[in-house]
Amino acid sequence: MHKKLITLSASIFLLSISIFLPVKSEIVKEIIISGNERVSDQTIKMFGKIELNQNLEINEINNILREIYNSNFFDDVKVSLDNNILKIVVSEKPIIENVIYEGLKSNEHKTEILNSRILKPRSSYDEIRFTKDRNKILSILKERGYYFADITSEIESIGNNKLNLKYKINLGEKSKIKKISFVGNKVYKDKKLKNVIISEESKFWKFISGKKYLNENIINLDKRLLKNFYLNKGYYDAEINSSFARFVDKNNFEIIYNINAKEKFYFDKIKLELTDDYDKNNFSKLNDEFDDLQNKPYSINRIEKIINKIER
């Protein structure tokens, strides 16, 4: 028992020593910055939030390094503090001179890409952002029906730590909707449901319509239209579980909507509860509306009409 108490006391003593050890710090008397050509010393100091005569603790050096690196102007940053001298060594990222897009025929496509890109002329090159821009271009083209578009990206060094970015874009043919199918507990026939949505099957006489091309945004809109259709037909719990495009051949796809209409609901008794602030006689005509709705299929449109009459 006595031995255990001694061991515990020794541990507490050692812990106390570690807690009260002073954290090493130095006063910054001089700041030396090297490796920078375009970015000024003052700008780098601003990034790192550094000032002369600042009392810097050793663990704050990592914060300075991180802040300077996060400015996205540098490929590498080194920071050290010794004998009151703060040394910062940086390696600047190349500057983008031009961004070139080859293969885009439509000005509309190009404008959308230019408005959404991250890397622009006179900005610093970053490999991760370069990849993000490439993926964004593919996403934009896919939304417009070019599901098989291909991009070859090139980086051309032009000296003085400058470069050109080039995207060679092969659009290919637009992907068409060959067939639209509805599966599951859909209740209604496909012909009826096709009249609800915007997407259309590609037919030779629909050479002008843009609705025959595969478009992810329009498919999502179709799902919302289908949901509202079922809500207005009494299917209060209807679910549009999924929609997906199945490759058929060449550039043709089949769009499949998975529907579960579930049980059909009907209006039962409807009543209007009013506070004493309102004269019930002013709302008497609504009772006829309520009687007409009883045993009719549930419909969000009918509910909205009643609300509008109550407000009037």
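**Figure 1. Ser199 pairs with Asp222 through a side-chain polar contact**. In this predicted model, the side chains of Ser199 and Asp222 meet at 2.6 Å. Ser199 sits in the loop between helix H6 (190-194) and helix H7 (216-231). Its relative accessibility is 4%, so Ser199 counts as buried. Beyond its sequence neighbours up to four places away, Ser199 touches Ile177, Ile180, Lys211, Ile218, Ile219, Asp222, Ile255 and Tyr257. Asp222 is thus named twice here: as a contact of Ser199 and as its polar partner. For scale, take Leu163. Ser199 and Leu163 are 36 residues apart in sequence, and their C-alpha atoms are 43 Å apart in space.

**Figure 2. Ser299 is a buried serine in a loop**. The loop runs between helix H8 (286-293) and helix H9 (300-311). Ser299 has a relative accessible area of 5%; the cut-off for buried is under 20%, so Ser299 falls in that class. Which residues does Ser299 contact, leaving aside neighbours within four places in sequence? They are Leu231, Asn232 and Phe267.

**Figure 3. One cavity reaches the 30 Å³ cut-off**. The count is 1 cavity of 30 Å³ or more. The largest cavity holds about 30 Å³ of space. Its lining is made up of Tyr101, Ile113, Ser116, Arg117, Asp133, Lys136, Ile137 and Ile140. Helix H4 (107-116) and helix H5 (127-143) each give at least two residues to this lining. Which helix supplies the largest share? H5 does, with 4 residues. By class, the lining of the largest cavity has 4 nonpolar, 1 polar and 3 charged residues.

**Figure 4. Phe130 and Tyr167 form an aromatic pair across distant parts of the chain**. The whole structure contains 17 aromatic pairs. In one of them, the ring centres of Phe130 and Tyr167 are 5.4 Å apart. Their planes stand at 45 degrees, so this pair is tilted. Phe130 belongs to helix H5 and Tyr167 to strand E8 (residues 162-170). The two are 37 residues apart. Are Phe130 and Tyr167 buried or exposed? Both are buried. They also belong to one aromatic cluster, made up of Tyr101, Tyr125, Phe130 and Tyr167. Tyr101 is also listed in the lining of the largest cavity.

**Figure 5. Phe229 and Tyr230 make an edge-to-face pair**. The ring centres of Phe229 and Tyr230 lie 5.4 Å apart. Their planes are at 85 degrees; over 60 counts as edge-to-face, so the pair takes that label. Phe229 has 12% relative accessibility and counts as buried. Tyr230 is buried as well, at 0% relative accessibility.

**Figure 6. Arg122 and Asn160 have positive phi values**. Most residues other than glycine have a negative phi. Arg122 has phi near 80 degrees. Asn160 has phi near 55 degrees. Where does Arg122 lie? Arg122 is in the loop between H4 and H5. Asn160 is in the loop between strand E7 (150-159) and E8. Arg122 is exposed, at 53% relative accessible area. Asn160 is exposed too, at 72%.

**Figure 7. Lys271 is an exposed loop residue**. The loop lies between strand E11 (252-260) and H8. Lys271 has a relative accessible area of 68%; exposed means over 50%, so Lys271 qualifies. Asp133, one of the lining residues of the largest cavity, serves as a reference point. Lys271 and Asp133 are 138 residues apart in sequence and 57 Å apart in space, C-alpha to C-alpha.

**Figure 8. Ile32 in strand E2 is partly exposed**. Strand E2 covers residues 30-34. Ile32 has 33% relative accessibility; this value lies between the 20% and 50% limits, so Ile32 counts as partly exposed. What does Ile32 touch, not counting residues up to four places away in sequence? Its contacts are Ile85, Leu86, Lys87 and Ile88. Asn161 gives a further distance. Ile32 and Asn161 are 129 residues apart in sequence, with C-alpha atoms 23 Å apart in space.

Definitions and conventions: Residues numbered from 1 in each chain as written. Predicted model: local features only at pLDDT ≥ 70, side-chain atom pairs only at ≥ 80, totals over all residues. Heavy atoms only, no water. 1 Å grid on protein atoms, 1.4 Å probe; cavity = no way out; pocket = protein on both sides within 12 Å on 5 of 7 lines; lining within 4 Å. Points joined across faces, edges and corners; volume = space filled by probe spheres on them. Nonpolar A, V, L, I, M, F, W, Y, C, P; charged D, E, K, R; others polar. Buried < 20%, exposed > 50% of the residue type's maximum accessible area, 1.4 Å probe, protein only. Contact = heavy atoms within 4.5 Å. Polar contact = N/O pair within 3.5 Å; in protein donor to acceptor, adjacent residues only side chain to side chain. Phe/Tyr/Trp six-rings, centres within 6.5 Å; stacked < 30°, edge-to-face > 60°.
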